[in-house]
Amino acid sequence: MDVDSVECLSLPDAAMDADDVGLALHPHGGILAAASRPAAYPKAGAGAGGIVAPGSSVHELLECPVCTNSMYPPIHQCQNGHTLCSTCKARVHNRCPTCRQELGDIRCLALEKVAESLELPCKYYSLGCPEIFPYYSKIKHEAMCSFRPYSCPYAGSECSVTGDIPYLVNHLRDDHKVDMHSGCTFNHRYVKSNPREVENATWMLTVFHCFGQYFCLHFEAFQLGMAPVYMAFLRFMGDENEARNYSYSLEVGANGRKMVWEGTPRSVRDSHRKVRDSHDGLLIQRNMALFFSGGDRKELKLRITGRIWKETQTPDGTCVPVLCS
């Protein structure tokens, strides 16, 4: 048999009965090939219909020993049957992390076939997701699952905290000391002594609570081409489909001039940088910002007002903006 098509794997830490997965055991402990009968689902940890629960022996068998993520084709193995995912194969420099033997290009076809027959719950099942998927389509769902945790929306530091919205609201208040406000209208003043300095000038995040939801107002400076610009934008603390239910406006002005932005808040699923780099908000060039500041144009003094509303449809089909009470 060509070594590249060997269908064997060892079970170093996840003991299974041959009857559980319909595979023929090699006398020395590896799996040679799928048995002729259809693979049955495991008794331990399996639900009705062959659903494999996280923590079951089959689920552990499909877990890469290096990164602990679920393995997807191509699943690699060494000559002793130890398996790992294709991503980690490159990371370990083609050496088996278990026995240190050279990995080569041996595919573990038997384990790939086992995976094809399985159904697994979404990895966010503990957060409330009820969905169950065939093994190979599960990862696509999980990338978009509405129950997946949100990343901290604070942009002033590389914060790695994740969680649901109530947890992140408390985190922003307690750990980042973010200002919290109730209501759907706001009036903020931003002052900076040297408006020419914009490097690392993510200035402010304010959280508003209205309509029973939370919104993040960002205001910052960054370099656009050769000149600094100032930008204000709103993000919704929830998914994109919910964010579309709301609108907001931002206004800045002085000396008989004003600029107005009106749009839909972006979901915090979109990173702060993605929203900023798309210029989806009120963008103010430095010269205009200094004009609005008045005085000797050496200090930035901007007053930004805004409001958040939700449109509702009247019986005659007319959309009417509704402010929170």
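Is Tyr246 buried or exposed? Let me come to that after saying that what we are looking at is a predicted model. Tyr246 is buried, because its relative accessible area is 4%, and the cut-off for counting as buried is under 20%.

Now let us stay with Tyr246 and look at its ring. Phe211 and Tyr246 form an aromatic pair with 5.7 Å from centre to centre and 50° between the planes, an arrangement that is described as tilted. Because Phe211 lies in the loop between strand 14 and strand 15, while Tyr246 lies in strand 17, this pair ties together parts that are 35 residues apart in sequence. Phe211, with a relative accessible area of 26%, is partly exposed. If you follow the ring pairs further, you find that they link Phe211, Phe215, Phe236 and Tyr246 into a cluster.

Strand 17, which covers residues 246–254, runs antiparallel to strand 18, residues 257–263, and 7 bridges join the two. To find one of these places for yourself, look for Leu250, whose bridge partner in strand 18 is Trp261. The hairpin that these strands make has 2 residues between them, and there Asn255 takes a positive phi near 55°.

Let me go back to the rings for a moment, since the count for this model comes to 10 aromatic pairs. One of them joins Tyr72 and Tyr135, and this pair is stacked because the ring centres are 4.9 Å apart and the planes stand at 25°, where the cut-off for stacking is under 30 degrees. The pair links distant parts of the chain, with Tyr72 in the loop between helix 2 and strand 5 and Tyr135 in helix 5, 63 residues apart. Both Tyr72 and Tyr135 are buried.

Charges also sit over rings here. The charged end of Arg269 is placed over the ring of Tyr150, at 3.7 Å from its centre, and Arg307 lies over the face of Trp309, 4.2 Å from the ring centre.

Finally, please turn to helix 6, residues 165–174, where the buried residues are Ile165, Leu168, Val169, His171 and Leu172. Those residues are on the same side of helix 6, because they cover an arc of only 165° around the axis. At the N-terminal end, Asp164 caps helix 6, with a side-chain oxygen 3.0 Å from the backbone nitrogen of Tyr167. His171 counts as buried because its relative accessibility is 6%, and, leaving aside neighbours within four places in sequence, His171 is in contact with Cys152, Cys159, Val161 and His176.

Notes: Residues are numbered from 1 along each chain as its sequence is written. This is a predicted model: local features need pLDDT of at least 70, side-chain atom pairs count only at pLDDT 80 or more; totals for chains, interfaces and linings use all residues. Side-chain values use heavy atoms; hydrogens and water are left out. Buried means under 20% relative accessible area, exposed over 50%, partly exposed in between (1.4 Å probe, protein chains only). Helices (H or I, at least four residues) and strands (E, at least two) are DSSP runs, numbered from the N terminus. The arc is that of the directions from the helix axis to the C-beta atoms. A polar contact is a pair of N or O atoms within 3.5 Å; within protein, one must be able to donate a hydrogen and the other to accept it, and residues adjacent in sequence count only if both atoms are side-chain atoms. Contact means heavy atoms within 4.5 Å. Two strands pair if DSSP finds at least two bridges between them. Rings of Phe, Tyr and Trp (its six-membered ring) pair if their centres lie within 6.5 Å; planes under 30 degrees apart count as stacked, over 60 as edge-to-face and the rest as tilted. A charge sits over a ring if NZ of Lys or CZ of Arg is within 6 Å of the ring centre and within 35 degrees of the ring normal.
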